[in-house]
Amino acid sequence: MKVYRFNPETDNEPHYDIFNVDANPYDRILDCLNKIRWEQDSSLAYRMSCAHGICGSDAVSINGIPSLACQKLIKDYDYKQELLIEPLKFFPITKDLIVDMEPFFKRIKSINQNQPSQTLDYSPEEERLQSIEERGKIDDAIKCILCGCCVAACPVILEQEQRFLGPAAILRAQKHIFDSRATDSVECMQVLEKPYGIWGCKSYYMCTVVCPKKIKVTEKILKTKKKIIQELHPKSEQS
Amino acid sequence: MIHEYDVVVVGGGIAGLYTALTAAEYCKVAVVSKVHVTRSHSVAAQGGIAASLGNEEEDHWEWHMYDTVKGSDYLADQDAVEILTKEAPEAIISLEHMGVPFTRNVEGKIEQRRFGGHTRNYGQASVKRACYVSDRTGRAIMDTLYDRCQTIGVDFFNEVFVLNLLFAGEHCCGVSGYDVATCKSEVFHAKAVVLASGGSGKIFKTTSNGFASTADGFALVLDSLIPLEDMEFVQFHPTGIYGFGILISEAARAEGGVLRNGIGERFMERYAPNLKDLAPRDIISRAILTEIKEGKGVNGKDYVSLDLTKIGKEKLIEKLPEISSFVQTYLGIDPSEMLVPVAPTCHYIMGGIPTDYEGRVLSDEGEHALAGLFAVGECACVSVHGANRLGCNSLIDLVVFGRRTGISAANHAKERKLPPLPQQAESIVVEKVTNLLSAKGKERAAVLRAEMQSVMTEKCSVFRNANELEQAQNQICQLENRLLNIGLDNKGKIFNYELQEALELSNMLKTAGVIVFSALQRKESRGAHYRNDYQDRNDEEGLRHSLVYLTPEGFKITYKPVSITRFTPENRRY
């Protein structure tokens, strides 16, 4: 395995280290990283938590593609070849495979903060009804685990406009806008229309390609754009 | 750096976030977590959250209470279980109003499904009581609470590892730890501290728990001479993916999955003729291991099969999408066509930090509440789960007692001024971290941890006996001695996980010691604690909570009575 290394305490420049790891075809890439840290080099830094693709901690770039280290197994790659493990692109690199996720969570927060809260009353008397069909409209978006793979793969963010809101935050907004229970979808759509918002998306589909949870991210963004046109700019739709 | 808050919550899972959210309506709240809060292990909860809403069929909180008490093998405190089950429906409705995207039924109501040990009419047959969000219930609740916490203005301190509880006299007045990214000390000076630090699954070799479940909260209270309650009761979930330990929710069996042994027999019919594959977890885990011991594992190996083929592809994708993808990803198996190899996996600890119903930590058997210290969630022991927790009861525990704890912590904070900060608040962390970073011993944390996990798995898991527990006790003790001779190869200060893992190991070894000691003292079989040398439940001696202290002279055990209000203990048959 060829692993990206950078320790700001000692290194001026990043470099790559090669590690030989004994592994089975069904070992996770994360298992291999752990073997390195526990048996060969305890200074190797990467995040991990649940180890089965639900917490979103261990997104790294494997052979150039943003992926979860715990969701990819050795057998998924040609293991006669060297595996290249690098930190996610776009985010500032803190140490080795660890990046500063703050730019990611700031984007998510920019969506959350603008949602006027639904009631926080602990004792509302009844649940609100929602049909299976209505609920289905947000089914894809709730799969998001906030791993950041989509942002690290987005050509708009990587090559054109670093300030672009990015796929994960728009998906978060989609969940809210299409929730039949929400009373503030208009406000949420307005937030998406701010500079560097939803209209920055050029539908490259890279977010959809890399999403570890197989969310149809681009499709959700397009549906959201359509709803914004229909509800906020009905005239432009007619012309 | 020193931060001042009214309430500081340690841990950012569902218990921590719900507590923080509730308290933040009244005062200034911080959540401190050693992982980013959205990575906490609550996200791995799959199958559901229990409440007698009765959306699918008749249900009552009294039935839920009975099931919980019987499931606990009568060790749960019945007054606490009454609170849990009575308040569960409104807790679900509050979650729904916050925006949790529950799966719906044809009427548009929250859909409910069957779950292990949940029955109608006091044990008659399985009942649909589990509310859920397909098989990602924990993730969905976490996401909603995370959003709400941000809206209300809870401050998050991510990747800060707490090492000490701070006291001004008898009053808990904060915590101190270090920033994992820099090794710099962080002090949280507060009027109230809430521990919501989760479980300890990583003490065992095979577990459904994430890497962060390392008993940190348990060690914090043991260090402060506070006891731990009922720590002998560790839950092994019957269906972990073989070799990985990754959870396959009971929901898989609720939706029609069945367990089969090596000869294809649906063996649970013999162990629990009424509830069969939806019997409580302790019973099924023992059944699986008994089958394996009798040579009826699959191909003579140490696993059985979970047969999901009758559920059908469509329903698997609709109701169990995560589980289906786990099986596909990690085993390369299509669960609609092939049997899934499963074996018990360490899942949950029923025991924990003793608290009352408002989350106040009790420092002794006389129910003396410690001022300013609260605990909630898996790390706490109210006790609503007794000797064995029912599936779906943990998430509801987090919400019901998260709310109660949030209110009582906020009230406590409102009524008081900030107690003085102990002088050594910061230096105690700096010293601990510096000492460990410069430690030159020959032992390594990764090696000692692997040995601990083997010892605990082989000698203190589903089946126990005095001989092996005594061996385990000696071995854990030896490992603790070897830990004194630890050394670190990595002296760096930026994301030094060798340092963090050494500290976590110390927390786990302390807690493992308590688990083994408690298991050795309990000379009966009850719920998840099964002794081959004492196979029966003994209510005369055993119907009491154990409290274990870690004193300078070693472990000390005392007991306190179980609250029995409605249901007298009877034989537990399913």
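Trainee: Where does Y196(A) lie?

Mentor: In the loop between α7 (185-192) and α8 (206-210) of chain A. Helices here are DSSP runs of H or I with at least four residues, strands are E runs of at least two, and both are numbered from the N terminus. Keep in mind that this is a predicted model: local features need pLDDT of at least 70, side-chain atom pairs count only at pLDDT 80 or more, and totals for chains, interfaces and linings use all residues. Residues are numbered from 1 along each chain as its sequence is written, while chains are lettered from A and ligands numbered from 1 in the order in which they are written.

Trainee: Why is Y196(A) called partly exposed?

Mentor: Buried takes 20 or more other C-beta atoms within 10 Å of the residue's own, exposed takes 12 or fewer, and partly exposed is in between, with C-beta atoms placed from the backbone. Y196(A) has 15 such neighbours, so it counts as partly exposed.

Trainee: And what makes its phi worth flagging?

Mentor: Phi of Y196(A) is positive, about 65°, although the residue is not a glycine. Most residues other than glycine have a negative phi.

Trainee: E159(B) has a positive phi too, near 55°. Is E159(B) buried or exposed?

Mentor: Buried: 21 other C-beta atoms lie within 10 Å, so E159(B) meets the cut-off. Its place is the loop between β6 (155-158) and β7 (160-168) of chain B.

Trainee: What makes the peptide bond between V382(B) and S383(B) cis?

Mentor: Its omega is about 5°. Most peptide bonds are trans. S383(B) sits in the loop between β18 (380-381) and α11 (393-414) of chain B.

Trainee: How do you know that β21(B) and β22(B) pair?

Mentor: Pairing takes at least two DSSP bridges between two strands. Strand β21 (residues 544-551) of chain B has 8 bridges to β22(B), running antiparallel, so the two pair. One of the bridge partnerships is T551(B) with G554(B).

Trainee: Why are β10 (228-229) and β22 (554-561) of chain B called edge strands?

Mentor: Each pairs on one side only. The open sheet has 3 strands, in the order β10-β21-β22 (chain B), with antiparallel pairing.

Trainee: Which residues of chain A make up domain 1 and domain 2?

Mentor: Domain 1 is 2-99 and domain 2 is 102-238, with bounds from an automatic or database domain assignment. Their C-alpha centres lie 30 Å apart.

Trainee: How many residues of each are in contact?

Mentor: 14 residues of domain 1 of chain A with 14 of domain 2 of chain A, where contact means C-beta atoms, placed from the backbone, within 7 Å.

Note on methods: Two residues are in contact if their C-beta atoms, placed from the backbone, lie within 7 Å.
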